[in-house]
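Please open the structure in your viewer and keep the selection tool at hand. This tour goes from stop to stop, saying at each one what to select and what can be found there.

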Amino acid sequence: AEAFAWTPASARGVVAHKAIELSISWRGDPAPGLLVDEAIARLEQGNDSLGPYLAALGEGERAELHGEATGRVAMFLECFPPLEARWRPVPESRLRADLCDDRVVLSGKVDLTVGRPDGVRAGKVLIDLKTGGFSPDHAHDLRFYALVETLRLGTPPRLLATYYLDGGRLLDEKV
């Protein structure tokens, strides 16, 4: 029943995700620390509770957060295959399906999508990035995103994948 409070550990995943999102469209080969610097600067300007938390960090907490997030981003850049533009990578892809005359709304946000459907032929891959350990709920989240994507487009995704940054491990599931 405790109220949520940001810590370097809880902010790490958000900062790492933002830095990875930036890396997908960044020109050149940026250092992980540069991506994390930019992610923190952008998140500080946000309208949610994370912005003020980041802006008020002391040097020690900021260094701890920066180091942990940089480690996760480096792991992603070292272990995940480089994304080619022709694969149509889209970070932070929002999904939404309005049902029953808009009385029911299904929505979500996938960390990364790659590919696209070809008519009714599945071709898109939905990828969720995780900074912690394995949980069966991760696959359930992706299955929900697959449902929303199918309702939205009429074509299901081809593959669902959870990528664990800490271990450089990919778990995938055909749809």
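The stops below begin with the sheet, go on to the helix that lies across it, and end with salt bridges and two loops. Keep in mind throughout that this is a predicted model.

**The sheet**

Begin by showing the strands, and you will find an open sheet of five of them, arranged in the order 1-2-3-4-5 with mixed pairing. Strand 1 (90-99) and strand 5 (169-174) stand at the edges, and because each has a single partner strand, one side of each is left without a neighbour in the sheet. If you turn the view, you can follow how neighbouring strands are turned against each other, by 35° on average when direction is ignored.

Next, select strand 3 (residues 125-130) together with strand 4 (residues 159-164), which run parallel and are joined by six bridges. One place to look is I127, whose bridge partner in strand 4 is A161.

Now keep strand 4 alone and ask which of its residues point one way and which the other. L159, A161 and Y163 point to one side, whereas L160, T162 and Y164 point to the other, and all are buried. In a regular strand, the side chains alternate between the two faces of the sheet. Strand 4 is thus a mostly covered strand, with six of its six residues buried.

**The helix across the sheet**

Add helix 5 (residues 136-153) to the view; helix 5 lies across strand 1, strand 2 (104-114), strand 3, strand 4 and strand 5, and runs at about 65° to strand 1. Select F144, L147 and L151, which form a nonpolar patch on the surface with about 250 Å² of accessible area together. Within this patch, L151 belongs to helix 5 and is partly exposed, its relative accessible area being 43%.

**Salt bridges**

A search of the whole structure finds 13 salt bridges, and three of the pairs are visited here. For the pair in helix 2 (residues 32-44), select E38 and R42, which are four residues apart and therefore separated by about one helical turn. Their side chains meet in a salt bridge (2.8 Å, N to O), and both ends are partly exposed, E38 at 26% relative accessibility and R42 at 45%.

Move on to K109, which forms a salt bridge with E92, the closest N and O atoms being 3.2 Å apart. This pair links distant parts of the chain, since K109 is in strand 2 and E92 in strand 1, 17 residues apart. K109 is partly exposed, at 35% relative accessibility, and, leaving aside neighbours within four places in sequence, K109 is in contact with E92, S93, R94 and Y145.

Then select K124 and E149, where the side chains meet in a salt bridge (2.8 Å, N to O). K124 lies in the loop between strand 2 and strand 3 and E149 in helix 5, so the pair ties together parts that are 25 residues apart in sequence. Salt bridges that share partners join K124, E149 and R152 into one network. Are K124 and E149 buried or exposed? With buried meaning under 20% relative accessible area, K124 at 11% counts as buried, and so does E149 at 1%.

**Two loops**

Finally, select R88 in the loop between helix 4 (59-79) and strand 1, and then C100 in the loop between strand 1 and strand 2. R88 has a positive phi of about 60° although it is not a glycine, and C100, also not a glycine, has a positive phi of about 55°. R88 is partly exposed at 44% relative accessibility, as is C100 at 47%.

Terms used
Residues are numbered from 1 along each chain as its sequence is written. This is a predicted model: local features need pLDDT of at least 70, side-chain atom pairs count only at pLDDT 80 or more; totals for chains, interfaces and linings use all residues. Side-chain values use heavy atoms; hydrogens and water are left out. Patches are made of residues with over 30% relative accessible area and no salt bridge: like charges are joined within 9 Å, nonpolar side chains (Val, Leu, Ile, Met, Phe, Trp, Tyr) within 5 Å. Accessible areas come from the Shrake-Rupley method with a 1.4 Å probe; for residues, only the protein chains shown count as cover. A salt bridge is a side-chain nitrogen of Lys or Arg within 4 Å of a carboxyl oxygen of Asp or Glu. Buried means under 20% relative accessible area, exposed over 50%, partly exposed in between (1.4 Å probe, protein chains only). Two strands pair if DSSP finds at least two bridges between them. Axes are lines fitted to C-alpha atoms, for helices over the stretch in contact, and angles run from 0 to 180 degrees between N-to-C directions. Contact means heavy atoms within 4.5 Å.
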